Each structure stands twice: as C-alpha cells, then as structure tokens.
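Let's take a walk through this one together, a stop at a time. Have the viewer open and follow along.

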Amino acid sequence: MSSPSESVGALSAMRIVNIVGARPNFVKIAPLIRAMTRRPAFVPTLIHTGQHYDQAMSERFFQDLEIRPPDFNLEVGSGSHALQTAQVMQRLDPILDALRPHLVLVVGDVNSTLAAAITAVKRGITVAHVEAGLRSFDRSMPEEINRILTDAVADFLFVTEESGRLNLLREGIDPAKIHFVGNVMIDALEGSRRQWESSSIFDKLGVEPGATYAVLTLHRPSNVDDPGALANFLEAFETLARHIPLVFPVHPRVKQRLARQGCGGGAATEPPDRLRSKGIAYVDPLGYLDFVALVSRARLVLTDSGGIQEEATMLGVPCLTLRETTERPVTVTHGTNRVIGSDPGRILDEALQTLAHPPRRDRTPPLWDGHAAERIVEVLDAHRRAKGSTPE
Ligand code: UD1
C-alpha cells in the first residue's frame, strides 16, 4: 500500500480511495483505475465493500475487466438496506482514518455508493461521484434515493449525459462542481471489444452462429418481489418466446422467486437445449465479456437494468425497458431504447413491433467515445495541481 508521503515533483501525489460494491460498479471502475494508474500523480486504493460476493457477481468481473484485486474487502454481504449501508460506513471509516486520502471516488447508485460518500464527507474528505445527476423521478427506487443523497454531498459531479447536468442545476448544485465527461461504461465496452468479440458464450449456450434470439434481464425489486407482478412478466415472456427464443441470465435475488413460480430455479444453468425446446433459456449470471457478446448479436434486449440500456444503445441493439421511467433519457432520444412499463400485452406488442421494425441509432450520445475516464482524471489532476494535494 502507498505511503502518505509519496510525491510527484514539488507536489505530493493525490491519494484516491475508489469504492466498489456491486456488479455495475466493477464495470465503471475498471477504466478509472487504469487511467489513474497511468499517472504517477495518483495513488489509487481500491476498496470492495463486499455488497456483491458470489464468484459470478464479483470475482468474474474483476477477471474479465482485468481489475487488480482490491486493497481491502469490507465483506458486508447481503442484508436490509439499512444494515448494508450502516456496515459499509462502520467498516470503511477506520480505513479512511488510516489512509487519510485526498479524495474518495464513488460510482453509480448502489447502497455502497451512498454509504461511502456519507462516510467520506463526514470526515471532511472531498467526494467525487461518477455517473452523477441521473434521475428517474421515482423515489420508490432505492437507487434514486442513493443518487439524490450522493449528489447532495459530492464535490465533483461527473455526468454522463446532458439530462444529468440539468437535473443537478435544478437541485441547486453549484455549476462549478458539475463536469460533463461522458460515460465510463462505454470506455469499458470499447476497451474490451476485442475480448468480448471472441467470447465462447455462443458455443456454451448452444446458440448457432447467426441465430435469432432476444436477451432478457429482470431484477428490480418492483418487478420481481411481488409474485403477481413477476407472474405477469412471465406470461408475457412465455408468449413472446413462441416468436423468438429468449436467453435469461438470472440474478441471484430472482432465482428463488422464479423457482416458486415453477421455472428457471434449477440449481445450475439449464442445459443448452432448453433454448430450443421451451423458448426461454434460464441461465446463471454471465460474466461481463460473455454478457456483452450475447447482447451484441441479439435481435432485441428486454431489461429493467440501467446500464444495459446504455450498452444496447452503443451496440445498436433494440432495447425495451420494462419500467415506467428511465434515468437515462439519452438512450431514448439518441439510442435504441424504449421505456414500455410492465403490462404483458404491451410487452408482447412492443417486442413484435420492434422485431418487425428495428429502430436505428443515428447518433452516438455526446462524449460516449471511450475517453470519459481520461477526462475525469484530468479534472482531478487539475484540482491536485491547484491545491498542491495537501490533505483536506
Ligand atoms: C444491487 C443494486 C442495484 C443494481 C444491482 C446490480 C442497491 C440498492 N441495488 O441490487 O442498483 O442494479 O445490484 O446487480 O444497491 N445476492 C447473492 N449474491 C451476491 C449478491 C447478492 O446471492 O453476490 C442476492 C442476495 O440474496 C441478496 C440479493 O441478491 O440479498 C440482493 O443483493 P443486493 O446487493 O442487496 O441488491 P441487488 O438486487 O443485487
């Protein structure tokens, strides 16, 4: 681990503690750690809160994205939101005390993001939030609360799209704190293109080259926790599967719920011929490279995830978002995404319509060019030079 006295020329190096906890965080941190490591002016530390801990949900992403092992793992695991948030705070605090970083960087909108931001700000440490400003305007989503509160205490707010900037200004955030830098998820996607293009997932799943299929993901509490809501979705998916085979990588929180509905809850990946025989292949969660590869050749994606809306947009794959709102409107205005809600009849209609007339992506969202992490690091370096990196 780095010592607090490291220096670069006349200025001391900037000690940055980077926090990750859950699957989408790993994708976002990969290009940032890489960009920080390239500059001698930065001494990055990586802390994994342990919010996600299964091999498939965590370690696999570190391998796929070539992220170095974390310097600390807080091993908080699963629990209620309050417990998870509190445990991250409790376990992170003494580490921040010992490391005395100049800055804590958090990404995304998961419980670990909020917990780390609060812990840092309470210690008077500068906080940077990557993917700031996104708003679904639906406060029943835990992520929306995490976004609003994290942004309220952050000093650097790095936004991925224009809507983020406007939302923050509307909330009274000082414009000097807001930096429109693009999207680090896209840095990860483009940076690993060669690897995911050679994924062997198609062989593993028994998907023939050129096969027509759709990819499905579903894990939001509002969609899967209520058995009635989940049953409605399954009805729509089963009808759709008569028109196009679906591949459904199942998030662990959904597995038992599906089993209760009599499907997809098997102990392991269903055999590949499930895809051909029943129309829906329920598979274990996929690694990053396999998942992106699968999406890249799909005819359609159905999802309630945030990040997948962005990846589908970049890959030019039609995406139907199974929610009432999106916090990523640029994927609709510039991309291939449509927000269609949860009504089974509408899901089927929209899916068939989209398959018959796939939307085209005319424009890439501004600054989604694979260089967001470099812009972020440049902003932080300018701050370091201005401050001389004295611990604040
Ligand atoms: C979290 C994020 C969500 C993000 C998602 C990506 C919050 C509030 N939610 O949701 O924004 O889209 O990650 O996956 O932070 N579990 C395992 N193994 C694991 C992790 C989780 O089995 O490695 C199971 C446990 O039963 C756990 C449940 O999944 O209780 C939920 O995990 P949790 O981290 O609380 O939230 P996610 O639903 O994964």
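What follows goes from the ligand to the salt bridges, then to the aromatic rings and two loop residues.

One thing to keep in mind from the start: this is a predicted model.

Start at the ligand. Which residues come nearest to it? Of the 20 residues around the ligand, the nearest are His52, Asp54, Asn111, Glu143 and Arg253. Zoom in on the polar atoms and you'll find that the side chain of His52 puts an N or O atom 2.7 Å from an oxygen atom of the ligand. Tyr53 uses its backbone instead: an N or O atom there lies 2.9 Å from a ligand oxygen. With Asp54 we're back to a side chain, whose N or O atom is 2.9 Å from a nitrogen atom of the ligand. As for how wrapped up the ligand is, it has 740 Å² of accessible area on its own, and the protein covers 84% of that.

Now for the charges. Side chains of opposite charge can pair when their charged atoms come close. In this model the count comes to 31 salt bridges. A good one to look at is Lys28 with Glu131, where the closest N and O atoms are 2.9 Å apart. This pair links distant parts of the chain, with Lys28 in helix α1 (residues 23-38) and Glu131 in strand β7 (residues 126-132), 103 residues apart. Are the partners buried or exposed? Lys28 counts as buried because its relative accessible area is 4%, below the 20% cut-off. Glu131 is buried too, at 5% relative accessibility. And the pair isn't on its own: Lys28 and Glu131 belong to a network of salt bridges that also takes in Asp109, Glu144, Arg147, Glu310, Arg323, Glu327 and Arg328.

Next, find Glu171 and Arg135, whose salt bridge has its closest N and O atoms 2.7 Å apart. Here again distant parts of the chain are linked: Glu171 is in the loop between α6 (162-170) and β9 (178-180), Arg135 is in the loop between β7 and α5 (142-153), and the two are 36 residues apart. The burial is lopsided this time. Glu171 is partly exposed, with a relative accessible area of 39%, whereas Arg135 is buried at 2%.

For a local pair, go to helix α18 (residues 372-387), which holds both Asp381 and Arg384, 3 residues apart or about one turn of the helix. Their side chains meet in a salt bridge at 2.7 Å, N to O. Asp381 is buried, with a relative accessible area of 6%, and Arg384 is buried with a value of 6% as well.

On to the rings. The model has 5 aromatic pairs. Take Phe233 and Phe237: their ring centres are 5.9 Å apart and their planes are at 25 degrees, so the pair is stacked. Both sit in helix α11 (residues 227-240), 4 residues apart, about one turn of the helix, and both are buried. Phe248 and Tyr282 make a tilted aromatic pair, 5.7 Å from centre to centre with 40 degrees between the planes. This one links distant parts of the chain, from Phe248 in strand β11 (residues 246-249) to Tyr282 in strand β12 (residues 280-283), 34 residues apart. Phe248 and Tyr282 are both buried. There's also an aromatic cluster formed by Phe26, Phe61 and Phe62.

Last stop: two loop residues. Phe137 is in the loop between β7 and α5. Phe137 is exposed because its relative accessible area is 59%, over the 50% cut-off. Setting aside residues up to four places away in sequence, Phe137 touches Glu144, Asn167 and Arg170. Glu144 should ring a bell, as a member of the salt-bridge network.

His334 lies in the loop between α16 (330-333) and β15 (337-339). Buried or exposed? His334 is buried, at a relative accessible area of 17%. A 3.0 Å polar contact joins its side chain to that of Thr333. Leaving out residues up to four places away in sequence, His334 touches Arg361, Asp362, Arg363, Thr364, Pro365 and Pro366.

Methods. Residues are numbered from 1 along each chain as its sequence is written. This is a predicted model: local features need pLDDT of at least 70, side-chain atom pairs count only at pLDDT 80 or more; totals for chains, interfaces and linings use all residues. Side-chain values use heavy atoms; hydrogens and water are left out. Buried means under 20% relative accessible area, exposed over 50%, partly exposed in between (1.4 Å probe, protein chains only). A polar contact is a pair of N or O atoms within 3.5 Å; within protein, one must be able to donate a hydrogen and the other to accept it, and residues adjacent in sequence count only if both atoms are side-chain atoms. Contact means heavy atoms within 4.5 Å. A salt bridge is a side-chain nitrogen of Lys or Arg within 4 Å of a carboxyl oxygen of Asp or Glu. A residue is near a molecule or strand if one of its heavy atoms lies within 4 Å of it. Accessible areas come from the Shrake-Rupley method with a 1.4 Å probe; for residues, only the protein chains shown count as cover. Rings of Phe, Tyr and Trp (its six-membered ring) pair if their centres lie within 6.5 Å; planes under 30 degrees apart count as stacked, over 60 as edge-to-face and the rest as tilted.
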